[in-house]
Amino acid sequence: MVKKLKLMRIIHRLIIGIQWVICIKVVNIGTIKLFPSNIFKDCINLEDVTINSGCLAINPLSFKNCNKIQELFIGKNCILKNGAFQGCDNLVIQTDASSRPEKWYDSFCEESCEIIYNRKI
């Protein structure tokens, strides 16, 4: 069990440190707390994404042009920076906030995504 946990930590560090070149389908990336800029940029086949409620920040262009992502839950405490979802025209973001959180920058999805408030995961 200890070896498995160590391996998971190493994999997690590798995921954080690289940009994804080829994305076929990612089901759960919930363990990532800070999404670096460009980490999933242009992953046009990325469609099923689960983001843990413990997410701290999604940086600029993290999911740029990931058009197949249709729905995400993002907790109210996660910071969404400008352009985080640029080009994600089909995206619906669900959040547990009752209104737009102050930590969500104005152009995190350039007005092209819908936001549904008061949702629970």
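Which residue in strand 6 does V92 stand opposite? The legends below describe close-up views of a predicted model, and the second view gives the reply.

**View 1. An open sheet is built from 3 strands.** The strands lie in the order 3-5-6, and their pairing is parallel. Strand 3, residues 71–73, and strand 6, residues 114–116, are the edge strands. Each of these two pairs on one side only. On average, neighbouring strands of the sheet are turned by 20° against each other, with direction ignored.

**View 2. Strand 5 and strand 6 run parallel and are joined by 3 bridges.** Strand 5 covers residues 92–94. V92 stands opposite E114 of strand 6.

**View 3. Q94 has its place in strand 5.** Is Q94 buried or exposed? The relative accessible area of Q94 is 12%, so this residue counts as buried, the cut-off being under 20%. Leaving aside neighbours within four places in sequence, Q94 is in contact with E71, L72 and F73, residues that belong to edge strand 3 (71–73). Its other contacts, counted in the same way, are I74, I116 and R119.

**View 4. The largest nonpolar core has 26 residues.** Which residues have the most contacts inside this core? They are F35, I58, F63, I74 and F85.

**View 5. F85 is shown with its contacts beyond four places in sequence.** Among the residues that F85 touches are I58, F63 and I74, which are also listed with F85 as having the most contacts inside the core. F85 is also in contact with L72, L80, L91, I93, F108 and C109.

Key:
Residues numbered from 1 in each chain as written. Predicted model: local features only at pLDDT ≥ 70, side-chain atom pairs only at ≥ 80, totals over all residues. Heavy atoms only, no water. Pairing = 2+ DSSP bridges. Helix = DSSP H or I, 4+ residues; strand = E, 2+ residues; numbered from the N terminus. Axes fitted to C-alpha atoms, helices over the stretch in contact; angles between N-to-C directions. Buried < 20%, exposed > 50% of the residue type's maximum accessible area, 1.4 Å probe, protein only. Contact = heavy atoms within 4.5 Å. Core = buried A, V, L, I, M, F, W, Y, C linked by side-chain atoms within 4.5 Å.
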